[in-house]
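User: I am new to this structure and would like to understand the reasons behind the terms used for it. Could you take my questions one at a time?

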Amino acid sequence: MQIDSIKPDSASPEAKALQLQRVFNTLAPVYDRGNDLLSLGLAKGWRRRSVALFRQDPPSEVLDVACGTGDFVVAILKACPTSKVVGLDFSEEMLKIARTRGYPATFQQGDVLALPFADGRFDAVTVGFGLRNFSDMPKALSEMARVLKPGGRLIVLEATHPETAFKKTLFKLYQWSVAPLVGWLSGRPEAYRYLMRSMQAMPTAHELEALLLQAGFGKILKHGFAFDMCVCYQAVRGAT
């Protein structure tokens, strides 16, 4: 199954990007609480640990792609208070919430498939739980590489497709218990059903590593959380 085959509403003729914009605008008021419930309260720690490497060599300027309401931005600023952070998202409703929270960061609307930034602008790029929603994952990764300086760092925190029977069983239990409950509590069951389908369509860890290499990244490291159901990928943009 390809990631671009998953739409919030498969019967709708609208492009996936437009459907997603509508879904996340709808989810914005309940998104943070829903994320905490979906991750059983663990996502905040995963974000903190994912950006910990920045402390040794703080980047001057960081782009957080698919920033939502700013959770990854907060983790970056806590790890690197001197870094300048730009958050970009397709959903204006998500950004409205981020802007009201007083984070010392810049938030703007934009499309990851055509990032509105010059080549080689950023020292680091991050994306947390957003990769699965991009309609063209290779293009998105190439755009992130384009706006990074040579030697710039990419951090991707994302759910991975379960490969073993044990992990597939765990995922099914999660899919049929926690996720429907969160959808019901939020009053947005259809949106949360889409999020579960999008997790099913994620590439495996090995497939994602291949996509990173294809986009021009090297020195790829990964660290798994929760039986590797969620993985942090760290990669460095090559010189060309």
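User: Why is Phe129 called buried?

Analyst: This is a predicted model, and in it Phe129 has a relative accessibility of 16%. Buried means under 20% relative accessible area, so Phe129, at 16%, counts as buried. Phe129 is placed in the loop between S4 and H6.

User: What makes the phi of Phe129 worth a remark?

Analyst: The phi angle of Phe129 is near 55°, which is a positive value in a residue other than glycine. Lys219 also has a positive phi, about 50°, although it is not a glycine.

User: Is Lys219 buried or exposed, and how do you know?

Analyst: Lys219, which is placed in strand S6, has a relative accessibility of 71%. The cut-off for exposed is over 50%, and therefore Lys219 counts as exposed.

User: Why is Arg132 called buried, and what does its side chain contact?

Analyst: Arg132 lies in the loop between strand S4 (122–128) and helix H6 (137–147), and its relative accessible area is 8%. Because buried means under 20%, the value of 8% places Arg132 in that class. The side chain of Arg132 is joined to the side chain of Glu158 by a polar contact of 2.8 Å, and since such a contact needs a pair of N or O atoms within 3.5 Å, that distance meets the cut-off.

User: Why are Gly238 and Phe90 called partly exposed?

Analyst: Partly exposed is the class between buried, under 20%, and exposed, over 50%. Gly238, in the segment after strand S7 (230–237), has a relative accessibility of 26% and so counts as partly exposed. Phe90, which is placed in the loop between S2 and helix H5 (92–100), has 29% and therefore counts as partly exposed as well.

User: How far apart in space are Gly238 and Gly218, and Phe90 and Leu20?

Analyst: Gly238 and Gly218 are 20 residues apart in sequence, and their C-alpha atoms are 6.3 Å apart in space. For Phe90 and Leu20, which are 70 residues apart along the chain, the C-alpha atoms are separated by 8.6 Å.

User: Why are strands S3 and S6 said to stand at the edges of the sheet?

Analyst: Seven strands form an open sheet with mixed pairing, in the order S3-S2-S1-S4-S5-S7-S6. Strand S3 (106–109) and strand S6 (217–225) each have a single partner strand, so one side of each is left without a neighbour in the sheet. From one strand to the next, the twist averages 15°.

User: How do you know that S1 pairs with S2 and with S4?

Analyst: Two strands pair if at least two bridges are found between them. S1 and S2, which run parallel, are joined by five bridges, and S1 and S4 pair in the parallel sense over four bridges, so both counts meet the cut-off. Towards S2, the bridge partner of Glu61 is Lys84, and Leu63 stands opposite Val86. Towards S4, Val62 stands opposite Ala124.

User: What joins S4 to S5?

Analyst: Six bridges join S4 to strand S5 (residues 148–159), and the two strands run parallel. In this pair, Ala124 stands opposite Arg153 in S5.

User: Why is S4 described as largely enclosed, and how covered is S2?

Analyst: Seven of the seven residues of S4 are buried, so S4 is largely enclosed by the rest of the structure. S2 is mostly covered, with five of its six residues buried.

User: What makes the empty space in this structure a cavity?

Analyst: A cavity is a set of points where a 1.4 Å probe fits but cannot get out, and the structure holds one cavity of 30 Å³ or more. About 480 Å³ of space lies in the largest cavity. Of the 30 residues that line it, the closest to its centre are Ala66, Asp89, Gly130, Asn133 and Phe134.

User: Which element gives the most to the lining of the largest cavity, and how is the lining made up by class?

Analyst: H1 gives the most, with four residues. Helix H1 (16–27), helix H2 (31–38), strand S1 (61–65), helix H4 (71–79) and strand S2 (84–89) each supply at least two residues of this lining. By class, the lining has 15 nonpolar, ten polar and five charged residues.

Notes. Residues numbered from 1 in each chain as written. Predicted model: local features only at pLDDT ≥ 70, side-chain atom pairs only at ≥ 80, totals over all residues. Heavy atoms only, no water. 1 Å grid on protein atoms, 1.4 Å probe; cavity = no way out; pocket = protein on both sides within 12 Å on 5 of 7 lines; lining within 4 Å. Points joined across faces, edges and corners; volume = space filled by probe spheres on them. Nonpolar A, V, L, I, M, F, W, Y, C, P; charged D, E, K, R; others polar. Buried < 20%, exposed > 50% of the residue type's maximum accessible area, 1.4 Å probe, protein only. Polar contact = N/O pair within 3.5 Å; in protein donor to acceptor, adjacent residues only side chain to side chain. Axes fitted to C-alpha atoms, helices over the stretch in contact; angles between N-to-C directions.
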